[in-house]
Amino acid sequence: MTIRPLVILPDPKLRLVSEPVASITDEIRLLADDMLETMYDAPGVGLAAIQIGVPLRVVTMDVSKTEDERQPLVLLNPEIVWASEEKRVYEEGCLSIPEYYEEVERPDRVRFRYMNLAGETIEQEASELLATCVQHEIDHLNGVLFIDYLSKLKRDRVMTKFKKAAKREVGGA
C-alpha cells in the first residue's frame, strides 16, 4: 500500500465528474488499498479517488472513533437512492481543502447503493456522521465540493486563500 499525494484546491481536477468502475480488477483493489492508507495517514474519515487524481467512482470511508475499531468501507459506483426531508448541520472539512472547516446543512438520513470489492451490490441506510460523509464523498465524484454549499462570499474567500497559497508554492516563496 502506498500513501498517495492529495489533490488540493484550487486544482481543477476536483471539479471533474468521475467515471464509473467498469469491473473490479487488481488495479481497483490496489487503488482502494492506497486510498485507505492515504485517508488514515491524513487523517480523514473519507476519500474519493479524484482526491488523489484518479477520476473513478471509488470512495473509501471509516467513521469509527478509534484506530482500534477501524471499520473501513470501500464503495464502488455509490449513489444516493433516498434522502430524508429532515436536515442536519455538521461541521465539515475536506482533505483537499486543508485546515478549513464550515457548517453545512444536508439531509439527516440517506439510503445509498454501492458495489463492494467482492462485486456485491449493497444498499445501506445512514444517519449522522456516516450520512454526511457519504453525501460529501459522492459529491466529490460529481465535481462538487462542500464549499459549494456555502454563501458566495465565504466560497470566494476560500478560493482566494487557496489560489494565493498555490501561487506561493509555484513561485517558491
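## Close-up views of a predicted model

At 23% relative accessibility, Asn 77 counts as partly exposed. This residue is a good place to begin a tour of the structure, which is a predicted model.

**View 1. Asn 77 in strand S3 has a positive phi angle.** Asn 77 sits within strand S3. Its phi is near 50 degrees, and the residue is one other than glycine. With a relative accessibility of 23%, Asn 77 falls in the partly exposed class.

**View 2. Glu 128 also carries a positive phi.** Here phi is near 55 degrees, again in a residue other than glycine. Look for Glu 128 in helix H2, which spans residues 128-141. Its relative accessible area is 44%, so Glu 128 is partly exposed.

**View 3. Arg 15 and Asp 148 meet in a salt bridge.** What is the N to O distance between these two side chains? It is 2.6 Å. The pair links distant parts of the chain, 133 residues apart. Arg 15 belongs to the segment before helix H1 (26-41), while Asp 148 is found in the loop between helix H2 (128-141) and helix H3 (152-171). Arg 15 is partly exposed at 38% relative accessibility, and Asp 148 is partly exposed too, at 27%.

**View 4. Arg 113 and Glu 79 form a salt bridge between two strands.** Their side chains come together at 3.2 Å, N to O. Arg 113 lies in strand S6 (residues 109-115) and Glu 79 in strand S3 (residues 73-83), so this salt bridge ties together parts that are 34 residues apart in sequence. Relative accessibility is 30% for Arg 113, which counts as partly exposed. Glu 79 counts as partly exposed as well, at 37%.

**View 5. Arg 88 and Asp 108 make another salt bridge.** The N to O distance in this pair is 2.5 Å. Arg 88 is in strand S4 (residues 87-94) and Asp 108 is in the loop between strand S5 (97-107) and S6, so the pair ties together parts that are 20 residues apart in sequence. Are the two partners buried or exposed? Arg 88 is partly exposed, with a relative accessible area of 31%, whereas Asp 108 counts as buried at 14%. Elsewhere, salt bridges that share partners join Glu 79, Arg 113 and Glu 123 into one network. Across the structure there are 13 salt bridges.

**View 6. Val 58 is a buried residue in strand S2.** Strand S2 covers residues 58-61, and Val 58 is part of it. How much relative accessible area does Val 58 have? The value is 0%, so Val 58 is buried. Which residues is it in contact with, leaving aside neighbours within four places in sequence? Among them are Val 21, Leu 31, Met 35, Leu 47, Leu 75 and Leu 141. Ala 48, Ala 49 and Leu 76 are also in contact with Val 58. As for Val 17, it is 41 residues from Val 58 in sequence, and their C-alpha atoms are 12 Å apart in space.

**View 7. Two cis peptide bonds lead into prolines.** The bond from Leu 9 to Pro 10 is cis, with omega near 10 degrees. Pro 10 is placed in the segment before H1. Ala 42 and Pro 43 are also joined by a cis peptide bond, where omega is about -10 degrees. To find Pro 43, look in the loop between H1 and strand S1 (46-48).

How values were computed. Residues are numbered from 1 along each chain as its sequence is written. This is a predicted model: local features need pLDDT of at least 70, side-chain atom pairs count only at pLDDT 80 or more; totals for chains, interfaces and linings use all residues. Side-chain values use heavy atoms; hydrogens and water are left out. A salt bridge is a side-chain nitrogen of Lys or Arg within 4 Å of a carboxyl oxygen of Asp or Glu. Helices (H or I, at least four residues) and strands (E, at least two) are DSSP runs, numbered from the N terminus. Buried means under 20% relative accessible area, exposed over 50%, partly exposed in between (1.4 Å probe, protein chains only). Contact means heavy atoms within 4.5 Å.
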